[in-house]
Amino acid sequence: MEGKRTDQAKLSTMHPKVICCKLYISESQNAAVVDAISRIGQKDPEVVLLSKFEDEYYNRVRYTLASYITSESSTGEAVFSPIRKVLLAMIEAAFSAINLEVHSGTHPRIGVVDDMSVHPLSQEATMEDAAQLAKLVASDIGNGLQVPVFLYAAAHPTSKSVSAIRRELGYYRPNHKGVQWAGQVLPDTLPVKPDVGPAHVSSKRGATMVGAKPFVESYNVPIFCKDVPTVRRITRRVTGRSGGFPTVQALALFHGDNCTEIACLLDPDHVGADQVQWLVEQIAGEQGLEVDKGYFTDLSKDMMLERYFKMVSAAD
């Protein structure tokens, strides 16, 4: 055990800046495709696939990867991370295997590669590091693969929020049965100019969003109710837009025959999952609705760092 701790300490000294990337791909029902992309994420010993979260109803998978990032000492600009090449390979595989025209799910999306967010993981890593890497990958997607890319948060010149971009693109409006997103949801020519790549959208690939922001936790709360508009009203009261928690972002998403989930993004430094759970139960209880125990969809920051150093040292 002492030897493993020593190895991890050496790695931390050699590459103190550790970042994580969350890659959201619009597919979870085709296990062969999901697993093939996972294998690509595990090929480079300097990049760790920390976790994978799949949801059948959302028809969506999130891959969380971690690696180091190096900076050019005179300017502080991020210039290299092994994760960039791995992400591009995973993204290319997704575009090759998934056709947005025949995709449907209960989670909104604008593309095969719907979203990619970069987060500083270790104390030494900065938002500028994350933003630099996000912009590099955005260029790979937009200029290299010719898919429109919208930047957000620290990767955007004015720190534009992802929710603002999504509202401009009609991201939150279901186009099938009032609860699902099916096929291409964007017009061939985008109503808003992308930050990188073409303004024309491929119906098979769609567009993508790429951003950099502080670490957030994902926490979903199931409510036993199939009336999505009712749960949306509860969701609004949980977020800062309607007097709830200012740092919580949330969506109400259909999740089966008699369940609608409130999918939340939490800033762990300001609000905990137990606080969100309590508030959802209080508001839902006012309407006679039963709430199930919520669940995290990913690891905490500390758990990610521990797993990253453990797996990298084992590979060595």
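**Close-up 1. Helix H5 and the residues it hides.** In this predicted model, helix H5 tucks away Val162, Ser163, Ala164, Ile165, Arg166 and Leu169, which are its buried residues. That makes six buried residues out of eight, so H5, running over residues 162-169, is mostly covered. What does the covering? Strands are part of the answer: the cover over the buried residues of H5 includes S7 (113-120), S8 (149-153), S10 (208-212) and S12 (249-254). Look just past the end of the helix and you'll meet Gly170, with a positive phi of about 70 degrees.

**Close-up 2. The whole chain, for orientation.** Let's step back for a moment. The chain has eight helices and 14 strands. Its radius of gyration is 19 Å, close to the 20 Å that the globule rule gives for 316 residues, so the chain is as compact as a globular protein of that length. If you drew a box around the C-alpha atoms along the principal axes, it would be roughly 55 × 45 × 40 Å. How many of the residues are buried? Of the 316 residues, 53% count as buried. Now take the contacts with a separation of 6 or more: 72% of them come from residues 24 or more positions apart. The accessible surface adds up to about 14200 Å², and carbon and sulfur atoms own 50% of that. As for charge, there are 33 positive and 37 negative ones, and the mean positions of the two sets sit 4 Å apart.

**Close-up 3. Helix H4, from end to end.** Here's a helix you can check with a bit of arithmetic. H4 covers residues 127-144, which is 18 residues, and at 1.5 Å a residue it should span 26 Å; the C-alpha atoms at its ends are 25 Å apart, so the two values agree. Plenty of H4 is tucked away: its buried residues include Asp129, Ala130, Ala131, Leu133, Val137, Ile141 and Gly142. Just after the helix, Gln146 has a positive phi of about 60 degrees.

**Close-up 4. Gln132, a residue of H4.** Zoom in on Gln132, which has its place in helix H4. Is Gln132 buried or exposed? Its relative accessible area is 16%, and buried means under 20%, so Gln132 counts as buried. Leaving out residues up to four places away in sequence, Gln132 touches Glu77 and Ala78.

**Close-up 5. Two residues with a positive phi, Ala153 and Ser159.** Most residues other than glycine have a negative phi. Against that background, have a look at Ala153: its phi is near 55 degrees, a positive value in a residue other than glycine. Ala153 belongs to strand S8, and with a relative accessible area of 15% it is buried. Ser159 is another case, with a positive phi near 60 degrees. You'll find Ser159 in the loop between S8 and H5.

**Close-up 6. Val79 in strand S5.** Val79 sits in strand S5, which takes in residues 78-80. How does Val79 count at 49% relative accessibility? Partly exposed is the label here, because exposed begins over 50% and buried stops under 20%. Apart from its neighbours within four places in sequence, Val79 is in contact with Thr70, Ser71 and Glu72. For a sense of distance, Val79 and Gln123 are 44 residues apart in sequence, and their C-alpha atoms are 19 Å apart in space.

**Close-up 7. His255 and its contacts.** Where is His255? Its place is in the loop between S12 and strand S13 (260-266). Being in a loop doesn't put this residue out in the open: at 14% relative accessibility, His255 counts as buried. Leaving aside neighbours within four places in sequence, His255 is in contact with Asp55, Tyr57, Tyr58, Thr260, Glu261 and Tyr295. Lys204, on the other hand, is 51 residues from His255 in sequence and 25 Å from it in space, C-alpha to C-alpha.

**Close-up 8. Lys293, an exposed loop residue.** Lys293 lies in the loop between helix H7 (273-286) and strand S14 (295-296). Its relative accessible area is 57%, and exposed means over 50%, so Lys293 counts as exposed. Which residues is Lys293 in contact with, leaving aside its neighbours within four places in sequence? They are Tyr219, Pro222 and Gln277. Met127, meanwhile, is 166 residues away from Lys293 in sequence, and the two C-alpha atoms are 33 Å apart in space.

How values were computed. Residues are numbered from 1 along each chain as its sequence is written. This is a predicted model: local features need pLDDT of at least 70, side-chain atom pairs count only at pLDDT 80 or more; totals for chains, interfaces and linings use all residues. Side-chain values use heavy atoms; hydrogens and water are left out. Helices (H or I, at least four residues) and strands (E, at least two) are DSSP runs, numbered from the N terminus. The radius of gyration is taken over C-alpha atoms; the globule rule is 2.2 Å times the number of residues to the power 0.38. Buried means under 20% relative accessible area, exposed over 50%, partly exposed in between (1.4 Å probe, protein chains only). Contact means heavy atoms within 4.5 Å. Accessible areas come from the Shrake-Rupley method with a 1.4 Å probe; for residues, only the protein chains shown count as cover. Lys and Arg count as positive and Asp and Glu as negative; His and the chain ends are not counted. The place of a charge is taken as NZ of Lys, CZ of Arg, CG of Asp or CD of Glu. The expected span of a helix is 1.5 Å times one less than its number of residues.
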